[in-house]
Amino acid sequence: MTGPDLREEKSFLYPPGGILIWIIVLVELLTFGIALIVFRVNFHQHYDVFLSSQNMLSKNVGLFNTIILITSGYFMATAMINIKRAKQKNAVRWLLFTILTGVLFLIVKTWEYSIKITEGHGFGFDSFFDFYWMLTLFHFIHVLVGLLILTVLLYKLQKGHYHSGNYLDVESGGVFWHMCDLIWILLFPVLYLLH
Amino acid sequence: MNTKNTLLWLGLILLMLFNFWLAELSALAGKWTLIVILLVTLFKFLGVVFRFMDLKNAHPGWKVLFIVFILLFAVIAGWV
């Protein structure tokens, strides 16, 4: 597969990264979007319970993780620019930074989960935490899958499989990674901040 | 490094911190806080989609799809 030229990119059938990954992104965003709207409806129906449980979440940890994911997305975009400009070594370095920040997100999230479980706020504690676990674990799995994809891409990039004339796979992987960022951009304010 | 992307990254961090500070601020009226937080979320979403995901180089149909999605999400999340 080769990098699409400008004429192809302007066609509806050839968005950056290929049409399949963008269909996946839309479906995922719709799924999370609907779940978050249902969460908001439940928040209003059981306001006191949800507000009290929301206050048990660590907003600082949520903020830190948001900054990590946004930074990771920036690193991915930078890696992509370097591939297109035929700066192979730089691309490898930025893709590695992307993966490392992604791993850091999972470590912080796991630590947050362990605190919640220790406090007894696991799945089944109340409706708020049922939503919290369902939504954030689903997102966690997406980040995990994204990291696996990026690791394979990094390996093949290092081997010289991808370059300025052949980068569609990396672009698709990047779009998936940014999708994890987008989902978190919706999750964080709704779960942690809005009431 | 790309200057526009770097500026967007810094802007996203600042918007995130602003959202966080606003949510912590109890002095503001609830409804206005909610509207501003959702507006900031909307801008962050569009920033990532258009620049980091390179949708700015895609067919206008894709741009419309994502703009409609985030507008609908923000309006419904703010309304319910």
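Let's start at one residue. Asn19(B) is buried, with a relative accessible area of 0%. Asn19(B) sits in helix H1 of chain B. What does Asn19(B) touch, leaving out residues up to four places away in sequence? One partner is in the other chain: Leu193(A). The others are Val36(B), Ile37(B), Val40(B), Thr41(B) and Lys44(B). Keep in mind that this is a predicted model.

Now step back to chain B. Chain B has three helices and zero strands. Along the sequence, the pattern reads α-α-α. The C-alpha trace spans about 40 × 30 × 10 Å along its principal axes. Chain B has 80 residues, and 48% of them count as buried. Take the contacts in chain B between residues at least 6 apart in sequence: 54% join residues at least 24 apart. Chain B exposes about 4,000 Å². Carbon and sulfur atoms supply 80% of that area.

Next, a helix pair across the two chains. Two packed helices are described by the angle between their axes and the distance between the axes. Here the pair is helix H7 of chain A, residues 168-193, and helix H2 of chain B, residues 30-52. The angle is about 175°, and the axes are 10 Å apart. Angles over 145 degrees count as roughly antiparallel, so H7(A) and H2(B) are roughly antiparallel to each other.

Which residues make the contact between H7(A) and H2(B)? From H7(A) come His178(A), Asp181(A), Leu182(A), Ile185(A), Leu186(A), Pro189(A) and Leu193(A). From H2(B) come Ile37(B), Thr41(B), Lys44(B), Phe45(B), Val48(B), Val49(B) and Phe52(B). By type, this contact divides into 10 nonpolar, two polar and two charged residues. Some names return from the opening: Leu193(A), Ile37(B), Thr41(B) and Lys44(B) are among the residues that Asn19(B) touches.

On to the core. The largest nonpolar core has 93 residues. Those with the most contacts inside it are Leu29(A), Tyr132(A), Phe45(B) and Phe66(B). Both chains supply elements with two or more residues in this core. Chain A brings H2 (19-45), H4 (59-84), H5 (88-118), H6 (127-158) and H7. Chain B brings H1 (3-24), H2 and H3 (60-79). Which helix gives the most? H7(A) does, with 17 residues.

Look at Phe66(B) in that core. Not counting residues up to four places away in sequence, Phe66(B) touches Trp22(A), Val25(A), Leu26(A) and Leu29(A) on the chain A side. In chain B, Phe66(B) touches Phe45(B), Val49(B) and Leu55(B).

A glycine in chain A now. Gly146(A) is in helix H6 of chain A. Is Gly146(A) buried or exposed? Gly146(A) is buried, at 3% relative accessible area. Leaving aside neighbours within four places in sequence, Gly146(A) is in contact with Phe176(A) and Trp177(A).

Last, two loop residues with positive phi. Ala86(A) is not a glycine, yet its phi is near 60°. Ala86(A) lies in the loop between H4 and H5 of chain A. Asp54(B) is not a glycine either, and its phi is about 65°. Asp54(B) lies in the loop between H2 and H3 of chain B. How do they stand on accessibility? Ala86(A), at 49%, counts as partly exposed. Asp54(B), at 10%, counts as buried.

Methods: Residues numbered from 1 in each chain as written. Chains lettered and ligands numbered in written order. Predicted model: local features only at pLDDT ≥ 70, side-chain atom pairs only at ≥ 80, totals over all residues. Heavy atoms only, no water. Axes fitted to C-alpha atoms, helices over the stretch in contact; angles between N-to-C directions. Helix = DSSP H or I, 4+ residues; strand = E, 2+ residues; numbered from the N terminus. Parallel < 35°, antiparallel > 145°, perpendicular 65-115°, else oblique. Contact = heavy atoms within 4.5 Å. Nonpolar A, V, L, I, M, F, W, Y, C, P; charged D, E, K, R; others polar. Buried < 20%, exposed > 50% of the residue type's maximum accessible area, 1.4 Å probe, protein only. Areas by Shrake-Rupley, 256 points an atom, 1.4 Å probe, with all protein chains shown as cover. Core = buried A, V, L, I, M, F, W, Y, C linked by side-chain atoms within 4.5 Å.
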